[in-house]
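Q: I've got a new model open and I'd like to learn how to read it. Can you walk me through it, feature by feature?

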Amino acid sequence: GIGSVSGVTIRGVLFDFAGTLFSAEPRFDDLAGVTDADGNELTPEGFGELVRAVIAPTTHFASDEEEFAHAWQNRDLDPVLHRKAFVEAIRRTGLTAGEHATVLYERMIDTASWRPFPDVPEVFAALAAQDVPIAVVSNIAFDIRPAFTAAGIDQYVTEYVLSYEHGVVKPDRRIFEIALKAIGVDAEEALMVGDSRRADGGALALGMKFSLVPATRPAERPTALRDALAEHGLH
């Protein structure tokens, strides 16, 4: 049934997208001709590493260039700034040949490159079976819905709250308020699951519960989401 730990019943769950539910994992043929900084063909693992490096919660680009700093600051509010910020960020990782940054950005925003973590389908199905609504709350500037459709799990999501569609980014409390309203659940009875203590942890300011999952490769955390829910009495 619906989870209850220490007297608090969780009636709705909010999930972050990148690094929480889905991981960037393109196929080899998507990367044809793209090389790493040493001139070797980039592997899907190398691509995953690169994307984790640029979207990592801790990534901060100290920049003297005002234009890039502005784009980075506002990347999740505007697709044009998102492209500018991430193409430059990919270049700066040093993980790839600079001229391939745009190609890699295109792969990054192509939802065909994203795969769900191993326990996502069962977790979503289990929540749905218990009538616990799901909202996906993401700081992002491209439409991620096709990734859920391709994975066959779109029917479990009540609402997608994407920063660029609402003009607000986590940890701003307003983005969580939009999601809570959409699923009809009070903050005290909601759980936020994400890989960024700073961004996703913003949910705590509203009185929500929060579970942090590790931002690692899918193979390294086969049951992280299941475990996060279990901590709050959801099975």
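Q: How many helices and strands does the protein have?

A: This is a predicted model, so keep that in mind as we go. The secondary structure comes to nine helices and nine strands.

Q: What should I make of the overall dimensions of the protein?

A: Along the principal axes, the C-alpha atoms fill a box of roughly 55 × 35 × 25 Å. You can also check the radius of gyration: a compact globule with 235 residues would have one near 18 Å, and the protein has 18 Å, which agrees. Buried residues make up 49% of the 235. As for contacts between residues at least 6 apart in sequence, 65% of them join residues at least 24 apart.

Q: How do I read a sheet? In which order do the five strands come, and is the pairing parallel or antiparallel?

A: The general idea is that strands of a sheet pair through backbone hydrogen bonds, either parallel or antiparallel. Here, five strands make an open sheet with parallel pairing, and the order is β7-β6-β3-β8-β9. The edges are β7 (159-162) and β9 (209-212); each has a single partner strand, so one side of each is left without a neighbour in the sheet. From one strand to the next, the twist averages 20 degrees.

Q: How many bridges join β6 to β7?

A: Four bridges link β6 (residues 134-138) to β7, and the two run parallel. For a pair to look at, find Val137, which stands opposite Val161 in β7. While you're there, look at helix α5 (residues 120-129): it packs on the sheet, touching β3 (12-15) and β6, and its direction makes about 155 degrees with that of β3.

Q: Which residues does Val120 in that helix touch?

A: Val120 sits in α5 and counts as buried because its relative accessibility is 0%. Leaving out residues up to four places away in sequence, Val120 touches Leu21, Ile153 and Leu225. Leu21 is a nice example of a partner from elsewhere in the chain: Val120 and Leu21 are 99 residues apart in sequence, yet 6.4 Å apart in space, C-alpha to C-alpha.

Q: What about the nonpolar core: which residues touch the most other members?

A: The largest nonpolar core has 54 residues, and Val13, Phe15, Phe17, Phe124 and Phe148 are the ones that touch the most other members. Helix α3 (residues 79-93) supplies the largest share of this core, with six residues. Apart from it lies another core, of 18 residues, including Leu14, Ile183, Val185 and Met192. Back in the largest core, try clicking on Phe124: setting aside residues up to four places away in sequence, Phe124 touches Phe15, Leu21, Ile134, Phe148, Ile153, Tyr156 and Val157.

Q: How do I spot the buried face of a helix? Which residues of α2 are buried?

A: An α-helix has 3.6 residues a turn, so residues three or four places apart point the same way. In α2 (residues 66-73), the buried ones are Phe68, Ala71 and Trp72. Seen down the axis of α2, they fall within an arc of 100 degrees, so they line one face of the helix. Glu66 and Gln73, on the other side of α2, are exposed. The buried residues of α2 pack against α1 (44-55) and α3.

Q: One last residue: is Ser163 buried or exposed?

A: Ser163 counts as buried, because its relative accessibility is 0%. You'll find Ser163 in helix α7 (residues 163-166). Beyond its neighbours within four places in sequence, Ser163 is in contact with residues including Asp76, Leu77, Ser138 and Asn139.

Notes
Residues are numbered from 1 along each chain as its sequence is written. This is a predicted model: local features need pLDDT of at least 70, side-chain atom pairs count only at pLDDT 80 or more; totals for chains, interfaces and linings use all residues. Side-chain values use heavy atoms; hydrogens and water are left out. A nonpolar core is a set of buried Ala, Val, Leu, Ile, Met, Phe, Trp, Tyr and Cys residues joined through side-chain atoms within 4.5 Å. Buried means under 20% relative accessible area, exposed over 50%, partly exposed in between (1.4 Å probe, protein chains only). Contact means heavy atoms within 4.5 Å. The arc is that of the directions from the helix axis to the C-beta atoms. Two strands pair if DSSP finds at least two bridges between them. Axes are lines fitted to C-alpha atoms, for helices over the stretch in contact, and angles run from 0 to 180 degrees between N-to-C directions. The radius of gyration is taken over C-alpha atoms; the globule rule is 2.2 Å times the number of residues to the power 0.38.
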